[in-house]
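Good morning, and thank you for joining this group meeting. I would like to introduce a structure that is new to many of us, and I ask that you keep the sequence and the model in view as I speak.

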Amino acid sequence: PPEFDPRCREPFLGLMFLGALTKTFDWLGHEFTIRTLTTDEVLGVGLLTKDYEGSIGVNKAYTTAMVAACVISVDGKTLPTPYMEEPGPALLQGRFTFVKNKWYPYTIDYVYSQYLELENTVEKVFDAMGKASG
């Protein structure tokens, strides 16, 4: 029978037990930790970027919103959030506003590239699962 690709075992366990994958990396002397997003968060990104539809900034707004949603921490600290804010649209809006106002485009682009690599790992895990199941 086909064997599950050993390179995908650890990410598979992350998906199975946590429902998400995380990644930590260094960029310009800072340590970033990111994770894959829930469906609700991806939909929230769509709501955040709707005001930019039809403008030249729509792609940058999307990238910025995705980064705001996926970042767990920078140098061990979470992004600023409104006081006592529960997860949801207001929390994501606050994080989006912070990243948009404080981070430079090249940092946003680099963090987003790391997010895309994390999503690529998810695709590889699901592909390996399909091959192992025959």
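I begin with a single residue, D75. With a relative accessibility of 40%, D75 counts as partly exposed, because that value falls between the 20% limit for buried and the 50% limit for exposed. Before going further, I should state that we are looking at a predicted model. D75 sits in the loop that runs between strand 3, residues 71-74, and helix 4. Its backbone deserves a remark: D75 is not a glycine, and yet its phi is positive, at about 55°. For context, a negative phi is what most residues other than glycine have.

Let me now place that loop within the overall architecture. The protein contains 5 helices and 3 strands. Followed along the sequence, these elements come in the order α-β-β-α-α-β-α-α. The protein has 134 residues, and 37% of them are buried.

I turn next to the packing of the helices. How are helix 2 and helix 3 arranged relative to each other? Helix 2 covers residues 39-49 and helix 3 covers residues 58-70; their axes lie 9 Å apart, and the two pack at an angle of about 140°. Helix 2 is therefore oblique to helix 3. The handedness of this crossing is right-handed.

Helix 2 also meets helix 4. Here the axes come within 10 Å and cross at roughly 60°, so this pair, helix 2 and helix 4, is oblique as well. The crossing of helix 2 and helix 4 is right-handed.

Staying with helix 4, I would draw your attention to F96, which belongs to that helix. Is F96 buried or exposed? Its relative accessible area is 3%, and F96 is therefore buried, the limit being under 20%. F96 and V67 are 29 residues apart along the chain, while their C-alpha atoms are separated by 8.1 Å.

We come now to the charged side chains. How many salt bridges does a search of the whole structure find? The search gives 3, and I shall take them in turn.

One of them joins E117 and K23, whose side chains meet with a nitrogen-to-oxygen distance of 2.8 Å. This pair connects distant parts of the chain: E117 is in helix 5, K23 is in strand 1, residues 22-27, and their positions lie 94 residues apart in the sequence count. E117 is partly exposed, its relative accessible area being 43%.

Another salt bridge brings together D109 and K60, with N and O at 2.6 Å. D109 lies in helix 5 and K60 in helix 3, so this contact ties together parts that are 49 residues apart in sequence. Both partners are partly exposed: D109 has a relative accessible area of 37%, and K60 has a relative accessibility of 32%.

The remaining bridge to describe is formed by R35 and E41, whose closest N and O atoms are 2.4 Å apart. Are these two residues buried or partly exposed? R35 has a relative accessible area of 22% and is partly exposed, whereas E41, at 18%, counts as buried. The two values fall on either side of the 20% limit, which is why the residues carry separate labels.

Finally, I would like to look at the surface. Which residues make the nonpolar surface patch of about 390 Å²? The patch is made by L28, Y104 and Y106. Y104 is found in the loop between helix 4, residues 89-102, and helix 5, residues 105-132. Y104 has a relative accessibility of 54% and so counts as exposed.

L28, a further member of this patch, is located in the loop between strand 1 and strand 2, the latter being residues 30-35. L28 is likewise exposed, with a relative accessibility of 58%. Its backbone returns us to the point with which I began: L28 is not a glycine, but its phi is positive, at about 50°.

To close, I would ask you to find two places in the model for yourselves: the patch of L28, Y104 and Y106, and the salt bridge between E117 and K23. Thank you for your attention.

Terms used: Residues numbered from 1 in each chain as written. Predicted model: local features only at pLDDT ≥ 70, side-chain atom pairs only at ≥ 80, totals over all residues. Heavy atoms only, no water. Patch = residues over 30% accessible without salt bridge, like charges linked within 9 Å, V, L, I, M, F, W, Y side chains within 5 Å. Areas by Shrake-Rupley, 256 points an atom, 1.4 Å probe, with all protein chains shown as cover. Salt bridge = Lys/Arg side-chain N within 4 Å of Asp/Glu carboxyl O. Helix = DSSP H or I, 4+ residues; strand = E, 2+ residues; numbered from the N terminus. Buried < 20%, exposed > 50% of the residue type's maximum accessible area, 1.4 Å probe, protein only. Axes fitted to C-alpha atoms, helices over the stretch in contact; angles between N-to-C directions. Parallel < 35°, antiparallel > 145°, perpendicular 65-115°, else oblique. Left-handed = near helix turned anticlockwise from the far one by under 90°.
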